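Dear colleague,

I am handing over the structure that we spoke about, and I would ask you to open it before you read on. My notes on what was found in it come after it.

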Amino acid sequence: MPEGSLKLNDLEAYWMPFTANRQFKSAPRMLVAAKDMHYTTDDGRQILDGTAGLWCCNAGHGRAPIVEAIQKQAAQMDYAPPFQIGHPDAFELANRLVEITPADLNHVFFTNSGSESVDTALKMALAYHKANGEGTRTKFIGREKGYHGVGFGGISVGGLGNNRKQFGNQLPGTDHLPFFYDRTKQGFSKGAPTTGAEAADALENLVALHDASTIAAVIVEPMVGSAGVFISPEGYLKRLREICDKYGILLIFDEVITGFGRLGSSFAATHYDVQPDLMTTAKGLNSGTVPMGAVFAHDRVHDAIVNGAPDNMIELFHGYTYSAHPVAVASALATQKLYKDEGLLERARELAPYWQDAIHSLKGTKHVIDIRNEGLVGGIELEPRPGKPTARAYDVFVNAFEKGLLIRTTGDIIALSPPLIISKAQIDDLFGMITDILKTTD
Ligand SMILES: Cc1ncc(COP(=O)(O)O)c(C=O)c1O
């Protein structure tokens, strides 16, 4: 279709995800190209990417080695069935990946998205306990404000009301840890809040309530992303790990956002030095270029399930038509090489002090009531308009897009997570634009 030829009616057929469809279609925003740190709109404007697409394009856009690997693979072998047949690059990728995971997470199961990674990990937790003769452990503990994708498992362990209210909670017995953040005590923390770790002790109460013998796993995002960037208090994740160990409960880190360099290490597990039993990933795995996810399993989880099954039997009745899709695998191999060659998994650590100073310089700017940061992630919380929650942040988002900046808003929170290739000058531009916009926003 020639550029610019879409008519209003042409927008009807596509039912857009997580979008106010009627609002969007009355004033659409269209992206048609992307290179490095910028998108191009259908009217030819350059947009600085402040969100790495949707927390995923960690290597930046249109990177030649990834593009070439995808093109080459599509030409060589477009697809290979993953059940009972393999292709060598899938094994190669798994080996490359476990080189950068925390010790003992040495097994990789490929999926196509974060949501599938979460459902896969939940199933693995159940299968693990069953293999160990503890089939009564069927309940999951998530956390208020957790986002774990949109599968029925993910929305059940997730703690975002909007994502559940149309569908109900489908996993019986699922319970939730309380949220750990209190703006009056932890607001404007630079990096991890120094107080609040004791919120993890609520897990003891849930164990007392449900009994450890019924609980399979606890799942948390090591850094709360989608709900608006909340950094785990110092010591919080370690405390969760200790309580899980005490009661034989598996700990799942949902690293769909934090995986692959976002906080300045390969994974949040490494960054916080806390080892989960299962780790869910997607997004940055291949810099968002082809749908792909991966679950990393601790040896003990893998071995209990795989070595515990009878010979010649499928050990885990689970998998996807597109698990380890050759094109996705090629893109991930090229992405991982690029991360290594350019030191991108550590780059957020180098840039973090600069990023932190830049984002906290917005303290005192009109409407700003909190600022949070870690690695190359930032959250700027705005005072909501009286009686109109989300309206102010939405105006900022639309205004930023018009002025050449892509941000993400959740409620009245601006969430930032640029590609890891961002320069200091671009960080200045990004916060300069946000400051200007806030000053002129009602
Ligand atoms: C922590 C977390 N888990 C799971 C998901 C779901 O990923 P997907 O949209 O690829 O299904 C997301 C997406 O943002 C996420 O942030």
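Leaving aside residues up to four places away in sequence, Leu 160 touches Lys 145, Tyr 147 and Ala 227, where two residues count as in contact if their C-beta atoms, placed from the backbone, lie within 7 Å. Please keep in mind that this is a predicted model, in which local features need pLDDT of at least 70 and side-chain atom pairs count only at pLDDT 80 or more, while totals for chains, interfaces and linings use all residues. Residues are numbered from 1 along each chain as its sequence is written.

Leu 160 lies in the loop between helix 6 (152–157) and helix 7 (161–164); helices here are DSSP runs of H or I with at least four residues, numbered from the N terminus. Although Leu 160 and Tyr 147 are 13 residues apart in sequence, their C-alpha atoms are 6.7 Å apart in space. Is Leu 160 buried or exposed? Leu 160 is partly exposed, because 16 other C-beta atoms lie within 10 Å, and the term covers counts between those for buried (20 or more) and exposed (12 or fewer), with C-beta atoms placed from the backbone.

On a broader scale, the domain assignment, which is automatic or from a database, gives domain 1 (8–59 + 343–439) and domain 2 (67–341). The centres of domain 1 and domain 2, taken over C-alpha atoms, are separated by 26 Å, and 33 residues of domain 1 are in contact with 30 residues of domain 2. On the side of domain 1 that touches domain 2, helix 14 provides the largest share, with 9 residues.

With best wishes

How values were computed:
Helices (H or I, at least four residues) and strands (E, at least two) are DSSP runs, numbered from the N terminus.
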